[in-house]
Every structure is written in C-alpha cells, then in structure tokens.
Amino acid sequence: MNRPRIQRMPQDVLLEILRWADEQTVIALMETCRHLNRYGAKYLLEGGVSLNVGWPKQLWCFSAFLGRDSAYRSPYVESLTIEGIDESEEFGKRPSGGGKILISVLQRLAAEGNLRKLVIEDAEELLEYMPKIARYIARLTTLTELKIANVGTNAAQMLKSSRSHFITVDIAMWDNNDEVEFAGSESDEDDLGANEGTETIPSDLRHNITTHLFPASRQSLVQMYAMYPMSVCCGPRYVNVVYFCMVRAARFRTVSYVHAFPNLQKLFSAQCNNSSSEFVDEEDFHIFRELNADGQQRRGSSWTALRSYSGSLSTLYALAHPHHIRVLNIHCDDDSYTKTGIDVEMLDTVLNEARPTCFSLTIRTAKLLRDQDFLDIWTRPPALAFEHLEFTIRLRSKAGDGDANLSLTTTLDVFLSDIVAPLPTLRTIRFCLDCEQLVLRAPWGLERLSLEEHPLVPIERTLMDWDLGAFAGRLRDSCAMQPPDSVGVYIQGHRARPDEGVQIGPVYQDVDAIPRPMVPRPMYQWDASS
C-alpha cells in the first residue's frame, strides 16, 4: 500500500505541526504542497522579520517571497527590524541596489500590511545610505511600537513627519551631552526665556529635542525609553505617558520633563547627571537640585501623580521632586563618587520628601552598616512608615577597602538589630547578598576571576555554609510588632554556590513597581537561501 501523502492529513493537524516547528522545518514543509506553502508563511512571519540593508540579495528574496501572495502574507509581518549596513571585507565597499527593494517592501506593508513594531539599529547611517526611505517609513500608519538608535538630524526629521500613533517608543539619540549645558545655569531668566530654555542648546541640535519628535503621538504615547534625551519647557505634551525611562540624561531640568509628561506615574533613570567624558562632582548635584527646585516653584509645576521611582539616589536628589512617592527603588550603580554608593545626607533628604511605604535599597559594600549616620536613618519617621523593604548588599573586594574579610555574623546582626527591628509596620522583607562583584579582574571592571585564577576569599568560604532558612527565621522574629507576611533571603553570584533563596510566605509584588524588560521572541533572520 502506498504511504499516504502529507496533503491527505487533516489541515488542522498540519497547521498544528507548523505552529510548533522551527523555521527550517517550516521552510521544508512549505515545499511539500501548495496548502502548506500558503499557510506556512504565517509561522515564518508572525515572530518578526530581520533584514540587513547591506545584503541586497536578502532584501530581494524577502520582497519576492512577500509579493508571491502579498494580500495574505503582508498582514502577518507585525515586526520588522532593519539592521545596519554590513561593511565586511566581502563587500569592500557599501553594496548598492537595496534601497529600491526596501522601498517596495515598505510600500507593500503600508498598503496591505499590519506592521506594529519597527526596529532601526542605526538610523543616521541608514538614512545616509538610503535617504529616500525616510518618507516611506514616515508614511506607515499602523506602527504602535518603535525602537530606533543613533537618531540625529535626518532621523529626527523623519520621526517628526511620521503618521503612526506610537504607544511605546525606545529611542537613542546621538550623544550630544558634551555640547549641551544645563539650561538655566548661567541666568535665572533662562528658565522663562523667549525660547523656553532652548537658548543654551546649540542651534544645530534644537531640531533634535527628544520630546519634540512625536507630534502625531501626543494622545497615544504611553511609554518612552530615551538615551541621551533632551527636553525643553515648550512643545508637545504627552498627557497619557505614565512611564519614562531616561538613560544618560545630562544636566536635565525637571520642569522640562514635567511639561512633556505632566501625568507621569513611573520614572526610571540610569547613568544620568554626567557627560560621556567625566562624572560630575558631588557639589554639582546640590546646584542641580537648587535650580530644579527653583524652576518648579516659579512655574508651579511638578509631577503630582508620580508613584514609583527606580534609579540612583543622586538623580532623584537633583530632580528635587517635592511630593510623596509610594515606591522607591534606590541603587548604587551610578553614584561612583562615593565609596559606598550612597550619600547618607542625600538619602535622608530624599526619604523626608518622598515618604515611601515600599522601599528598596542596594548598597555597594557592607561597610556602610558601620556608619552610624546611616543606621540612624532607620529610626526616623520616614523609615518608620515602611511597609515593604528590600535590602541588597553588593559585596565588593577592593585592596584595603573591600568586603573580602567581612564578618558575616556581625553584618547580619547589625542588619537585624539596627535596620529591621526599629521598623514597626513591616509586612514584607527581602534580603539579598550579591557576590557577583566580589572578586573582579580589575577594581572597577565587570569581569570576575574564576576559581582557577583566584581561590575563595574568606567571606566566600563563610558564605558556603550560610543557612538561609535559619536567617529567614531570625529575620521574621526580629520585627518589632508582629511577624511579617512575607520574608525572603537570597544569595546570588557566588563562585562556588548556586543562586538560591528561601521564601516564607508569598512573594510580594507591587503594582507600582518599575516593570522589568520583557524578553522578546527571537526574530527570523531572513535567509537569502530560503
């Protein structure tokens, strides 16, 4: 008896096979019959497509594949990544011929498609190589999510003319921080000048102000992630933006971002208040704070809806935010001018202003627990209102000033008696020891030494026998009023012990916590051979 052909299998079974198959299997099955050739395209396209503009053959193959059944296939292209130009030795020079093909693809997606997400890896280089595609990208009307890097003058003009109503934008501007001075630092009148703060921005950069690039999305934009952002106290207002992430914002003015995002609820910052060449001095933060506080007072504008902040202590201090922030997540990554990563006076000031009920703190070394000024903070009114506490110690080993010889018993006893015990309203506690940066190849490097290169330091040997369960019990019993609902004790980054934790009660999850980035599904890198 002849073996039944694949076409005789029920269609729903065939489609279910395609659903779970990898890309190469889908391609092989598409070559077996017309039915699978048609419906298999969906499973190749729905995860997203990545095209390299430096490979004209790849562009041509994708254009031909899409055009073979455009009405059916185009709507399944919901995510498109345009990669940078490949200047490998194989080419010797930039290839030609890809611009017209990419334009035809964009035209087809604009007319028949359902493109929701666009990723452009190097916008300025792309538009220099293919300047005509800017108008076709701008004509796309279905985009809701944009991720674009290296945005200069050409890309800025393209974005301003975009017809799409974006919901989420992830944008990386050119690094112009060295060229932009803190607006208002020269004169108090700058903040109320005729150009609303643009006079200190070089004329060739004024068209690249980040908050001016999406006029069509003023009512739709909800989230913005921005690297090297610039903003001024004029222009579009994005009244529905509730989440803003700013990375490497230099000498920013609070009122500028309050103008752009008046109803902001969640703010994340990283590597702010410094230029690309050097970190600012500690005294500069006090200057920034005074200017920001004065600007907010004179304009009568500030974030009244802000509920959550995650970032460095110095950035929040410089923002001079005058209102309550319910969730505060302070980490030490950016504050390199202090050995511990935490300026105790700044922390005291910020806690008095924010009065959080959910507080997360990451410190760079356990030696901060020897600072009596730091321990005194936990006995003052702002800390006594904490309901949820997360405390992380990043152990570091630096010659003469590290945690390699730390007494674990003393450190844990101080945490229990001087930090946890005074807090009467705690409902959840999470404590973590992070050993990732304990033995580094260089004092300020990121690469750590292996066990073959460096034996365990004393604190690592002590932590090998640390009983997380026993300490979790002590932590629960040390609370002032009543045992908390949730207690978690964790260790991570140890070179000879796996990451592990002990959890008593449910894991606490706050609705106002800053969301962690989602891990995207891998996009299909279009292969010319397919």
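These legends go with several close-up views of a predicted model.

**View 1. The largest nonpolar core.** Start inside, with a core of 129 residues. The members with the most contacts within it are Phe374, Trp378, Phe391, Phe431 and Trp466. Looking for the element that puts in the most? That's helix H16, residues 408-420, which supplies seven residues to this core. As a bit of background, nonpolar side chains in soluble globular proteins tend to be buried together.

**View 2. Around Phe431.** Here we zoom in on Phe431, one of the core residues with the most contacts. Skip the neighbours within four places in sequence, and Phe431 still touches Phe391, Ile393, Leu412, Phe415, Trp466, Phe471, Leu475, Gly488, Val489 and Tyr490. Two names on that list, Phe391 and Trp466, also turn up among the core residues with the most contacts.

**View 3. Two cysteines.** Cys358 is buried, at 10% relative accessibility. Cys479 is buried too, with a relative accessible area of 10%. If you're hunting for disulfides, the count for the structure is zero.

**View 4. Asp434 and Arg394.** The whole structure has eleven salt bridges, and this is one of them: Asp434 pairs with Arg394, with their closest N and O atoms 3.9 Å apart. The two partners sit 40 residues apart in the chain, Asp434 in strand S13 (residues 428-434) and Arg394 in strand S12 (residues 388-394). Asp434 has a relative accessible area of 10%, so this acidic partner counts as buried, the cut-off being under 20%.

**View 5. Arg448 and Glu436.** Next up is a salt bridge between the side chains of Arg448 and Glu436, at 3.7 Å from N to O. Both residues belong to the loop between S13 and helix H17 (458-464), and they are twelve residues apart. Arg448 is partly exposed at 27% relative accessibility, and Glu436 is partly exposed as well, at 37%.

**View 6. Glu460 and Arg495.** In the last view, the side chains of Glu460 and Arg495 form a salt bridge at 2.7 Å, N to O. Glu460 is in helix H17, while Arg495 is in the loop between strand S14 (486-492) and strand S15 (500-504), so the bridge ties together parts 35 residues apart in sequence. Is Glu460 buried or exposed? Buried, with a relative accessible area of just 1%. Arg495 also counts as buried, at 14% relative accessibility. In general, side chains of opposite charge can pair when their charged atoms come close.

Terms used
Residues are numbered from 1 along each chain as its sequence is written. This is a predicted model: local features need pLDDT of at least 70, side-chain atom pairs count only at pLDDT 80 or more; totals for chains, interfaces and linings use all residues. Side-chain values use heavy atoms; hydrogens and water are left out. A nonpolar core is a set of buried Ala, Val, Leu, Ile, Met, Phe, Trp, Tyr and Cys residues joined through side-chain atoms within 4.5 Å. Buried means under 20% relative accessible area, exposed over 50%, partly exposed in between (1.4 Å probe, protein chains only). Helices (H or I, at least four residues) and strands (E, at least two) are DSSP runs, numbered from the N terminus. Contact means heavy atoms within 4.5 Å. A disulfide is a pair of cysteine sulfur atoms within 2.5 Å. A salt bridge is a side-chain nitrogen of Lys or Arg within 4 Å of a carboxyl oxygen of Asp or Glu.
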